[in-house]
Every structure is written in C-alpha cells, then in structure tokens.
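Notebook open, model loaded. I want to jot down what I look up as I go, one residue or pair at a time.

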Amino acid sequence: MIKIPDIILSILVTIPGIIIAITLHEYTKSLVANSLGDKGIKAQGRLAPNPLRHMDPLGGIFLVFFGYGWSNPVRLAPSSFKERKKAMLMIFIMPFLANIIAGFAFTIAFNFFDASYFNLQDSINIQTYRIIWNILRFIAIYNISFALFSIIPIYPLSGTYLLWAISPPAALKVSQHENILKMLLVFFIVMFFARNVFDPVVHTLIQVLAF
C-alpha cells in the first residue's frame, strides 16, 4: 500500500465531510424553497444533489483549513412565497435539521467502526480502518458544525433567513452592512474564533451521542 503523507491524508479525510455537509444543506434548502413556491430555484440548477452546484470555492477552502466556511447560497425570490415569514423559517430550519440528523447518523456509524477495531489483525487493515473511521468522524463533525455555524445571521450563511423570519426590520438593517459583516465573518474564522466558540459544542454533542 502506498504511504500517503500524514499532512495530505489529514486533509483528504475531511473532504467527504465538507462535500456532504454543504450539498445536503443547500440541496435541502433548494427543495424546500421550490416546494413553497420559488420556482426560480430550478433555473439555478440547484434541484440536484450535485456538489459543484452548491460549493463555494473560497468557502470550501476555509472549511478545509479553518474548519468553518460557507456554501454557495441559493438565490431566493421572497415575493414568490404566500406566507413569507413562515417560508423563510422553514428554509432555515429544514437544512439545519438535515445536517444535524446526518451528523447524528454518522456519529453512530463511526462509533460502530470504533467498536469493531479489536477484530483487526494486521497493520494494513488497521490503516484502512483508521482512514474510514476518520472519514465517518469528519462527516459527523462537519455536518453538526456547519449546522451550528449557519445560525449566524450574516450573508451568505442561512441565519439570514432566520432573521428575516423573526424580524424583517432587523434583517434589513443587517443587510445594509453586509460587506462589513462579511469581513468580520472572515476575521472570525481566520483568527480561529469560530473554532474556539463552536468546536466545544460540536464535540460535546458528539460525545453525548456516543454514550
């Protein structure tokens, strides 16, 4: 078996988690928005679980190197919703729940692999096991962390939809300072403040699920 350098392997095992978390989040969002009346979603090509449609290059790079980032946000047409506040709330909640449920499911999966570790006999099987275990673990971590991070009400994060549902005047004020807030969001990630705030919550949730 070819020996992959540890630093490259540590990056590679995170990629599936990033792709699944982002695709699941944005694809779910697209399905919900479309079902509520925003038929422009289809023209954007977002009604398919194609990661290339949902990934943001810079946001993906941030996820790889800093643990937190953003996806390519779906462009909504709020005027197409009959009940705008309820629609925006659903468009926030359903992707959030999809990520959380996926995170819980993959937590169970990597704990199952953890329990099977003692049945391995040779070093090749152990190395393969560790790779699979880490992939499953990072899928769980990224789904939960992406769900929690998306609550922040700064575009392009989904928390903006929640803010529009709760308080449209506040959302309007926030949108007027969008560029400055984006810069603050980048600073928040790059300085590892996001990891300091969210990582303890993510790992606590995973530990609770692992019981």
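**S145.** I started with S145, which sits in helix 7, residues 123–149. Worth keeping in mind from here on: this is a predicted model. Is S145 buried or exposed? Its relative accessible area is 3%, so S145 is buried. Next I looked up what touches S145, skipping neighbours within four places in sequence. The contacts of S145 are G67, Y68 and V202.

**L63.** Then I went to L63, which belongs to helix 5. L63 has 3% relative accessibility and therefore counts as buried, the cut-off being under 20%. I listed its contacts with the same exclusion of neighbours within four places: I18, I22, Y68, G69, W70, Y142 and F146. Y68 turns up here, and Y68 was also on the list for S145. I also checked L63 against R46: they are 17 residues apart in sequence, and their C-alpha atoms are 21 Å apart in space.

**Aromatic pairs.** Rings were next. A pair of aromatic rings is described by the distance of the centres and the angle of the planes, so I noted both each time. The count for the protein comes to 10 aromatic pairs. For F62 and F66, I read 5.3 Å between ring centres and 50° between planes. Why is the F62 and F66 pair tilted? Tilted covers what is neither under 30 degrees (stacked) nor over 60 (edge-to-face), and the planes of F62 and F66 are at 50°, so this pair falls there.

Where do F62 and F66 lie? Both are in helix 5 (residues 57–66), with their positions 4 residues apart, about one turn of the helix. F62 is buried at a relative accessible area of 9%. F66 has 19% relative accessibility, and because the cut-off is under 20%, F66 still counts as buried.

I then took the pair Y68 and F198: ring centres 5.8 Å apart, planes at 40°, so this pair is tilted. Y68 is in the loop between helix 5 and helix 6 (84–115), while F198 is in helix 11 (residues 193–210). The two are 130 residues apart in sequence, so the pair ties together those parts of the chain. I looked up burial too: Y68 is buried, and so is F198.

Last ring note: ring pairs join F62, F66, W70 and F192 into a cluster. W70 is also among the contacts of L63.

**Whole protein.** Zooming out, I counted 11 helices and 0 strands. From the N terminus on, the elements read α-α-α-α-α-α-α-α-α-α-α. The C-alpha atoms fill a box of roughly 60 × 35 × 35 Å along the principal axes. I compared the radius of gyration with the globule rule: a compact globule of 211 residues would be near 17 Å, and the protein has 19 Å, which agrees.

How much of the protein is buried? Buried residues make up 40% of the 211. Among contacts with a separation of 6 or more, 72% are between residues 24 or more positions apart.

**Surface and charge.** The protein exposes about 11500 Å², and 71% of that comes from carbon and sulfur atoms. I tallied 16 positive and 9 negative side chains. The centres of the two sets lie 10 Å apart.

Methods: Residues are numbered from 1 along each chain as its sequence is written. This is a predicted model: local features need pLDDT of at least 70, side-chain atom pairs count only at pLDDT 80 or more; totals for chains, interfaces and linings use all residues. Side-chain values use heavy atoms; hydrogens and water are left out. The radius of gyration is taken over C-alpha atoms; the globule rule is 2.2 Å times the number of residues to the power 0.38. Buried means under 20% relative accessible area, exposed over 50%, partly exposed in between (1.4 Å probe, protein chains only). Contact means heavy atoms within 4.5 Å. Accessible areas come from the Shrake-Rupley method with a 1.4 Å probe; for residues, only the protein chains shown count as cover. Lys and Arg count as positive and Asp and Glu as negative; His and the chain ends are not counted. The place of a charge is taken as NZ of Lys, CZ of Arg, CG of Asp or CD of Glu. Rings of Phe, Tyr and Trp (its six-membered ring) pair if their centres lie within 6.5 Å; planes under 30 degrees apart count as stacked, over 60 as edge-to-face and the rest as tilted.
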